[in-house]
Amino acid sequence: MRARPALTPRRLWLWLAAGAVFAVGAAVLALFLGMPELDLGTALSDASSWQYAALHKLQLPRISQGLVVGATLAASGAALQGLLRNPLADPFILGVSGGAALGSAAVTLVGFGTALVAPLGGFLGAMGALLVVTALATEAGRIAPLRMLLIGVVFNALAGAGLMVLQALADPGAVQLTLMRLMGSVGADPSEPLLLPILTVASGVGLVAMLLSARGLNLLALGDDTARSLGVSPDRLRLVLFVVISVAVGATVAVTGLIGFVGLIVPHAVRLVVGPDHRLVLPLSALVGAGFVVVADASVSALAPALGTELPVGVVTALVGGPLFLALLRHRPTRVAE
Amino acid sequence: MSVGLAARGVVFAYPGGRPVLDGVDLEVAPGRVTALLGPNGAGKSTLFRVLAGLLAPSAGRVTLGGRALGVIPARERARQLALVLDPPALSFAWTAFELVLMGRAPHLSGGRFESADDRAHALRSLEAVDAAHLADRVYPTLSAGERQRVLIARALCQDTPVVLMDEPTSHLDPAHALRLAGLLRELAGQGRAVACVLHDLALAARTADEVVLLSGQRVFAAGPPRAVLTSDNLRAVYGVTARWVDGDPAALVVDGLAPAGPARQ
């Protein structure tokens with residue numbers, strides 16, 4: 001009997017069932033927390049009631065979007081951490097989200113007219129950020145983890161500046177809409193009903209590709225050379241995951257804006273409980289991340305009456321994740337610096 | 001299990017640089033332990049990486065079981081050739097057992113999980129390097145020597161006919177180094193082809209069937225230890241004085257620096 005039981009299909013499915021219960025429970029909780037005055041009986045039975053409309057047009061799309069976004073960000077964080085062998089990697093911290101925000105805002109504002117191109121711009125921005133940050137952080141064929149984090153910070157600042165330039169130049173009405181979206185809110189935009197399906201497909205493709213890469217990510221922990229000797233191509237794995245993470249994160253940011261630290265907090269918590277095997281960490285992070293974002297989002301709507309305004313959900317995730325990031329950075333400086 | 005590894009006329013140069021290997025021939029034969037020796041900068045590590053398929057030779061060829069190494073599909077190669085490299089730093093809390101179990105990956109098709117047999121194999125591999133008690137320890141908490149043994153166990157768990165190790169004793173205490181020597185003999189006894197880059201001449205002398213002594217980017221001498229590790233050769237290559245002491249087994253003693261230093265070619 002091992003201290004940590006070996007990962008068997010049975011153990012995997014048990015954990016995933018627990019994760020699914022958590023995500024569904026979080027969605028149900030969010031339904032009530034987000035709109036306490038909703039009477040579910042009426043909302044489900046009476047199609048002419050305002051309750052029915054509120055459930056179908058507001059709450060369900062918002063919760064679905066929260067689930068997809070949380071799953072994508074958490075799984076992308078876990079995959080990036082494994083890929084870069086850096087426990088502090090996260091789409092937000094590495095500037096991938098910043099690149100996606102700039103890319104999606106640029107294509108929206110530069111006048112393609114429709115918000116539907118935003119995910120494409122997000123993908124291009126995310127991919128560009130990932131390539132630039134990785135290239136600059138690579139020294140003699142190795143990625144220097146701390147340097148990569150620093151470059152990510154600088155890249156985020158540059159993306160922020162880029163957004164301000166766009167804001168100054170573009171049409172005020174469009175700017176207002178785009179910036180609202182980038183603030184990090186999972187509320188679905190009723191004028192663009194196609195965004196949620198686009199986001200779901202992009203995230204779904206990304207999640208499947210990440211899950212298929214799980215064993216390769218495990219072997220990569222041993223170093224590129226040993227991974228190669230075990231039949232994995234680290235370069236191909238990196239390329240595939242960079243592309244699918246950019247697609248998924250690009251679409252996520254384009255639709256819901258900057259929701260930071262989910263990719264950091266969730267995989268970290270999951271690993272503490274189940275160990276580092278990506279075959280379990282990736283899908284379980286997706287489920288836990290889905291639940292986490294939905295609850296965080298419901299809590300901002302629950303707080304809205306007291307605050308007089310609704311905070312962006314990204315504020316909540318940053319308030320939880322920022323301190324945790326600092327604690328991690330302080331806790332294991334040597335291991336990260338390696 | 002009679003798969004061997006061979007290099008013929010291997011030349012390797014980094015882009016724009018002069019050759020680091022200049023026409024190397026060698027054979028890592030099944031059932032034999034081959035030691036790759038040579039002073040710092042002789043090209044041992046580069047030769048190791050070329051033999052391992054991590055670097056493609058600029059000229060010449062490396063064959064595994066008679067087939068060019070470069071054309072063998074990665075997974076198939078992983079079932080034939082295992083590597084022990086310098087212990088890496090790990091960022092996540094893998095246990096020694098979980099890392100050793102990764103050696104089974106090339107044998108698992110599709111999304112299959114490791115079976116009870118695979119887990120038993122991993123435990124036996126840890127036992128072979130006297131590390132069964134480390135199974136549940138988290139890798140970052142292990143000492144350098146313990147890490148090295150765990151990674152050797154990982155290669156054993158891969159269960160390949162050819163095993164290449166790069167300085168496998170660099171972090172080991174004398175008892176574990178001698179145990180490793182015994183393990184290398186055992187692997188060869190099972191018909192495997194075993195090759196190690198070694199710095200410890202005495203260990204190579206008592207363990208290896210074949211010694212390949214590199215110097216100046218070339219093979220200076222190759223053959224059985226007593227024929228290759230002669231005092232003349234060691235003076236010429238390393239600039240040290242050494243002598244053999246008869247016994248069972250005969251031992252090589254390096255006893256000092258040669259007055260004139262190594263001969264420079």
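Here is a walk through the contact between chain A and chain B, followed by a few backbone spots in chain B. Keep in mind that this is a predicted model.

Let's start with the interface. The contact draws on 33 residues from chain A and 38 residues from chain B. Interface size is often quoted as the accessible area lost when the parts come together. Here, the area buried between chain A and chain B comes to about 2900 Å², and carbon and sulfur atoms give 62% of that area.

What about the charged and polar pairings? There are 4 salt bridges between chain A and chain B. One you can pull up in your viewer is the salt bridge where the side chains of Asp225(A) and Arg49(B) meet, at 2.8 Å from N to O. On top of that, you can look for polar contacts across the interface of chain A and chain B: the rule finds 7 residue pairs, with both residues at pLDDT 80 or more.

Now stay on the chain A side of this interface. Five helices each supply at least two residues to the side that touches chain B: α1 (9-34), α3 (50-84), α9 (214-220), α10 (224-229) and α13 (278-307) of chain A. The largest share comes from α10(A), with 4 residues. Sorted by class, the side of chain A that touches chain B has 12 nonpolar, 9 polar and 12 charged residues.

Next, over to the backbone of chain B. If you check omega, stop at the peptide bond joining Asp248(B) and Pro249(B): this bond is cis, with omega about -5°. Pro249(B) sits in the loop between β11 (240-245) and β12 (251-257) of chain B.

Phi has a couple of stops for you too. Glu167(B) is not a glycine, yet its phi is positive, at about 45°. You'll find Glu167(B) in the loop between β7 (162-166) and α6 (174-189) of chain B. Gln217(B), another residue other than glycine, also has a positive phi, near 70°. Its place is in the loop between β9 (210-215) and β10 (218-223) of chain B.

Are these two loop residues buried or exposed? Glu167(B) has a relative accessible area of 23%, so it counts as partly exposed. Gln217(B) comes in at 16% and is buried. The cut-off that matters for both is 20%, because buried means under 20% relative accessible area.

Definitions and conventions
Residues are numbered from 1 along each chain as its sequence is written. Chains are lettered from A and ligands numbered from 1 in the order in which they are written. Side-chain values use heavy atoms; hydrogens and water are left out. Contact means heavy atoms within 4.5 Å. Buried area is the accessible area (1.4 Å probe) that two parts lose on being put together, summed over both. A polar contact is a pair of N or O atoms within 3.5 Å; within protein, one must be able to donate a hydrogen and the other to accept it, and residues adjacent in sequence count only if both atoms are side-chain atoms. Ala, Val, Leu, Ile, Met, Phe, Trp, Tyr, Cys and Pro count as nonpolar, Asp, Glu, Lys and Arg as charged, and the others, Gly among them, as polar. Buried means under 20% relative accessible area, exposed over 50%, partly exposed in between (1.4 Å probe, protein chains only).
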